[in-house]
Amino acid sequence: MNYTEARRYLKEVNKYGSVLGLESITTLLDALGNPQKELKVVHIAGTNGKGSTLAFIQSVLVEAGYQIGRYSSPAVFDYDEIIQINGKNIEKEELADIVTLIREKADIILEKYGFHPTTFEIETAMAFEYFKRMKCDIVLVECGMGGAGDATNVFEQVLCCVITSISLDHTAFLGETIEEIAQVKAGIIKQYCPVVMAKQSEKTVNCIKNTAKEKNAEFIQAGQAQLTVQNNVPDEIRVKNQMIYRALNGKKYQTNIQMLGTYQSINAATAIETLLCLENYGYQLEEYIEQGLLKAMWNGRMEIISEDPLFIIDGAHNPGAVKELRNSMDLYFTNRRITFIMGVLADKDFAQEAELIADRAENIITVTPDNSRALDGKKLAETLSVYHKNVQYMDNIRKAVTAAMDFVRKGQTDMILAFGSLSHLKDIKQAVKAERRD
């Protein structure tokens, strides 16, 4: 298959849905010769913050001169971004070659066992095969959903397990309480493997800590970093977003970070403790930590895509993330009047999200993301109208962007924030570019 045919095949496989459990993925990996067994892995689970935390870790490791693979799904702007080495997407020819191989194995599995690997399982196997071929020094692997039964949870031993912020999400699959969800996330913890956890509620921490104790795994609780914004002018946020963190080893780390968000200080602290953990395996990282944190970027998280007008996109898509988004707005944009563009998925707690953040907007425009699980923007508008009087639905993302920019041009608001689902961030980014061209 060529690249186009490979992508078409992956879309066709969507008919097999999403299945938690490891039988299918382990069967596929075994057919490929178990490439995952040749990888040195940092495995990360959590509800929010996985992508940003890995971005910090990746940036430092690359700065130190290592070849770093990264697997993170779903894609936001470009499909190939789910598999990267040193920040560069997988080559299209390599993707096509590996998918061709996997298709042969998947057809045999279907005929022999009566089941077919899902799209996510194929993508996971594709990533592991690619990283093996490219002889990566370390591979950063993000759980898709959950932990214990996630397709990425196929390693017998990893260098370090990382648990980021845990909140209510995917409750139909993972549990209805924070404790139940934390228990599922804890499923990635391996015997004798160190566990680094982001600072969060005591109940959540105790759940992970207890699992670590059962597995004889060292438990490392990241502390609280201090974040200082010295100037809230958009042009200068990037260079005056200062983080100070005193690690558990007593060393003080002080650097500016480009990634905006109150939560990024928590993610950066978690990354630092993970990097210090990796040093125990002989990786030389200490002198590269501050510079690596400074260079770290992760698109789609409090990302400024335009400065005139000021337009920010963010992937906040559950109540925990929306709460942090509001905190970030209050920190960076205290006195600014903001127009929201909001689109969500129907399986999220959008009513709670509306309650958390609606009153912070000057006006709100709702849209329907291009996703099979999307909530109709009209229904979202009805929900938001309970909390805000200036809500309108737009049947087209380009129209929504134009209307939002008109609010700024007419002096009715100062800036625009688009959030609610990762699904429509790409479309919004393209609409902003088109609007600026016109």
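Among contacts in the protein chain between residues at least 6 apart in sequence, what percentage join residues at least 24 apart? The figure is 75%, with contact meaning heavy atoms within 4.5 Å.

This is a predicted model, where local features need pLDDT of at least 70, side-chain atom pairs count only at pLDDT 80 or more, and totals for chains, interfaces and linings use all residues. Residues are numbered from 1 along each chain as its sequence is written, and side-chain values use heavy atoms, with hydrogens and water left out.

**View 1. The whole fold, helices and strands together.**
The protein chain has 16 helices and 17 strands; these are DSSP runs (helices H or I, at least four residues; strands E, at least two), numbered from the N terminus. Its radius of gyration is 22 Å, close to the 22 Å that the globule rule gives for 438 residues, so the chain is as compact as a globular protein of that length. That radius is taken over C-alpha atoms, and the rule is 2.2 Å times the number of residues to the power 0.38. Along the principal axes, the C-alpha trace spans about 60 × 55 × 40 Å.

**View 2. What's tucked away.**
Of the 438 residues, 56% count as buried, that is, under 20% relative accessible area (1.4 Å probe, protein chains only).

**View 3. Around valine 19.**
Valine 19 sits in the loop between helix H1 (3-12) and helix H2 (23-31). Leave aside its neighbours within four places in sequence, and valine 19 is in contact with Thr118 and Glu121. Glutamate 142 is 123 residues from valine 19 in sequence and 17 Å from it in space, C-alpha to C-alpha.

Conventions: Buried means under 20% relative accessible area, exposed over 50%, partly exposed in between (1.4 Å probe, protein chains only).
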